[in-house]
Amino acid sequence: MSSAAPQILLLRRGAEEQRACFVVVESDALGAPAALPETLLSDAEQAQFAALRFAPKRTSFLLGRLAAKRALGALLAEPDLSRIDIYNGVFGQPLVRHARAGRIDVSVSHSHGVAVALAFPAEWPMGIDLELVPAQSVDTVLAELGASAAEQAWIDAGAPDRVTACGVLWSAREALGKSMKIGLNCPLGLLALGAIAAAGSAASGTAAWAGTYLHFPQSRCVSQTDGGRVLSIAAPAEISFDSWPQLR
């Protein structure tokens, strides 16, 4: 996996077409962090960054902003990323200010030195999540999730392994929460999958699964694995992608 150029995705809903942009970056893409805030962050974001006391938080903040702004910059045709201002809503969801932003939203996720972002039209709400679940945490995470009957049947079938299954189920729920702009600020059972099945190979060396949500049938999720990480995107069920975002 490596940092790559923005991936433009074509979205379709019947005869209507829209564009989204996916970006993945790794921590080495930050280069010299001391100089990055001035070229990347808006004035408000620089103040927010300056208030962060600990190095891991500062690195995570910059990494997430870099992914989000590269995605937004490509979608908005804005080369000066400091002109794009990202601020938090009441549930911590990222919101966008820019002269050309109009109704553009962005979803961001971090996982152990990697950040991903998806910029998309706000009228087609989506959420993205990237997870790396340690093997020793699987039982704890699954107990917290409280698997639905469909999820438990999928886990018991043994494909994929429990570690991957745990990552898929967690990231699928968090992606849905982000698409609704509430994150995980609700009972986790409300975000459970009602059906899940293999969706073939998303790319060389990866596997993919598609699912629908038990309580929100108007949304669906597609998840893929890469190097132990699981990437999930929740989107309206009636939207199709011309290609799936790639982690590498």
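Which helix and strands each supply at least two residues of the lining of the largest cavity? I took this up first, keeping in mind that the model is predicted. I found that α6 (162–179), β8 (193–198), β9 (208–213) and β10 (219–226) each do so.

**Cavity.** I searched for cavities of 30 Å³ or more and noted 1 in the structure, with a volume of about 30 Å³. I listed its lining as V168, A172, L193, I196, W209, A210, G211, C221, V222 and S223, and sorting these by class gave me 8 nonpolar and 2 polar residues, with no charged ones.

**Cysteines.** Since C221 is among the lining residues, I went on to look for disulfides and found 0 in the whole structure. I checked C221 and saw that the closest cysteine sulfur, in C166, lies 14 Å from its own, which is too far for a bond. I also noted that C221 has a relative accessible area of 3% and is therefore buried, while C166 counts as buried because its relative accessibility is 0%.

**Strand β7.** I then turned to β7 (residues 127–131), where I found 5 of the 5 residues buried, so that the strand is largely enclosed by the rest of the structure. Looking at the two faces separately, I noted G127, D129 and E131 on one side and I128 and L130 on the other, all of them buried, which leaves both faces covered. For its pairing, I recorded an antiparallel arrangement with β11 (residues 229–236) over 5 bridges, in which G127 stands opposite A234 of β11.

Terms used:
Residues numbered from 1 in each chain as written. Predicted model: local features only at pLDDT ≥ 70, side-chain atom pairs only at ≥ 80, totals over all residues. Heavy atoms only, no water. Buried < 20%, exposed > 50% of the residue type's maximum accessible area, 1.4 Å probe, protein only. Helix = DSSP H or I, 4+ residues; strand = E, 2+ residues; numbered from the N terminus. Pairing = 2+ DSSP bridges. 1 Å grid on protein atoms, 1.4 Å probe; cavity = no way out; pocket = protein on both sides within 12 Å on 5 of 7 lines; lining within 4 Å. Points joined across faces, edges and corners; volume = space filled by probe spheres on them. Nonpolar A, V, L, I, M, F, W, Y, C, P; charged D, E, K, R; others polar. Disulfide = S-S within 2.5 Å.
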